[in-house]
Amino acid sequence: MLKIPGLIDPHVHLREPGATHKEDWDSGTSAALAGGFTLVLAMPNTQPPIFDAATLDLALAAARAKARCDYAQFLGAGPDNARDVRDVALRAAGLKMYLDQTYGELRLDSMLLWQEHFKTWPKHLPIVSHAESRSMAAVILMAAIYDRPVHIAHVSLREEILLIKAAKERGIKVTCEVCPHHLFLSQDDIPALSGATAGSAVEERPSTTAVQKTDGVRSGRSEVRPRLATQADVDALWQNLDIIDCFASDHAPHTLAEKDGENPPPGFPGLETMLPLLLTAVDAGRLTLDDLIQKMVINPRRVFSLPEQPDTWVEVDENATYEIRAAEMHSRCGWTPFEGWKVKGKVRKVMLRGHEAYRDGKILVEAGYGRNVRV
Ligand code: NCD
Ligand code: ZN
Ligand code: ZN
């Protein structure tokens, strides 16, 4: 049995308030514990979005009643809320800036708005950006100009990781995270992911939406932002592991009905598959266990100034070999892009602040046991 520290996931979507049929603070933090995570940082693109004192209170009230692992909640940068978010900054995980199109309402198009937030948000608190490709280059430049740290969410491209490498070499305060789906899946996997296994008749429809189609098969399940990239991009991420500060699941649950329906929302669940996938890669010699702990505990704790969790650890059966099954998961979304993948390494037990929180498939702490680490 392998004993590792409680893992930290700095990027999860728990869907409460507003879309609890996809996930809520209970099901999402249960999925976290089952995946070996004892602390998660929740994103603000809920309904309503979390963008001021009142909406932060709304999310934190739900979390307080229902969370089973520890947590903090991000605030979202909007067009006119720079002062509102600053006033409650210390109660939040950090500020999230959506600079490209993705799921939810929060998006800042004008660089004047970015600037407003860069000037107002306290320098010692985290800013995380959903910024792809050229937006990423622009936000790194802005961080350099305002001399403050910025963390780039879900890096997926070769051009992105190489630019972050160059920025780091110049001493610019940029950190980044990479998601398992961008390390283990590429564009080449889209046909297999595309619901071809759903067993239902494939329905033709006009391709007016952004949905890509492969051989007439709907590809709603493979929709994710950033999109799955080329094998060369995937290879570049693996070749630049040293530049990757954190692994993050970007756990983005949507139901299978939504993924297979009209206008499929982008996003993959990830909390319950991330550790087994990465442990399997450790077993294959693609990274070390020390790399894994650096990127899933030590670095996220440093980047987001998170407290240590006393008497907290995870016991893993390193040699357990099995197939990933959505049916065994705690997430409410009911599917995984890794269905049927053979992995090696299973979470057996999670201790959180001195209590047994999870053992062999069962959640053992009550809803509300989880604590806000920003109080
Ligand atoms: C996320 C979601 O569903 O909330 N979707 C995704 O494809 N990653 C939004 C995001 O993280 O950009
Ligand atoms: Zn994003
Ligand atoms: Zn996300």
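Donors are taken as N, O and S atoms within 2.8 Å of the metal (3.2 Å for Na, K and Ca), and since water is not among the atoms, sites may look incomplete. The model is a predicted one, in which local features need pLDDT of at least 70 and side-chain atom pairs count only at pLDDT 80 or more, while totals for chains, interfaces and linings use all residues. Residues are numbered from 1 along each chain as its sequence is written, chains are lettered from A and ligands numbered from 1 in the order in which they are written, and side-chain values use heavy atoms, with hydrogens and water left out.

The zinc ion (ligand 3) makes a good starting point. Its protein donors, His 11 (NE2), His 13 (NE2) and Asp 250 (OD), lie 2.0 to 2.1 Å away, and the donor residues follow the spacing H-x1-H-x236-D in sequence. His 13 sits in the loop between strand S2 (7-12) and helix H1 (25-34), and Asp 250 in the loop between strand S12 (246-247) and helix H10 (256-260), so this pair ties together parts 237 residues apart in sequence; helices (H or I, at least four residues) and strands (E, at least two) are DSSP runs, numbered from the N terminus. Buried residues are those under 20% relative accessible area (1.4 Å probe, protein chains only); His 13 is buried at 6%, and Asp 250 at 5%. The zinc ion (ligand 2) is 3.9 Å from the zinc ion (ligand 3).

His 154, in the loop between strand S8 (150-152) and helix H6 (158-169), is also buried, at 2%. Leaving aside neighbours within four places in sequence, its contacts (heavy atoms within 4.5 Å) include His 11 and Asp 250.

Key:
Buried means under 20% relative accessible area, exposed over 50%, partly exposed in between (1.4 Å probe, protein chains only).
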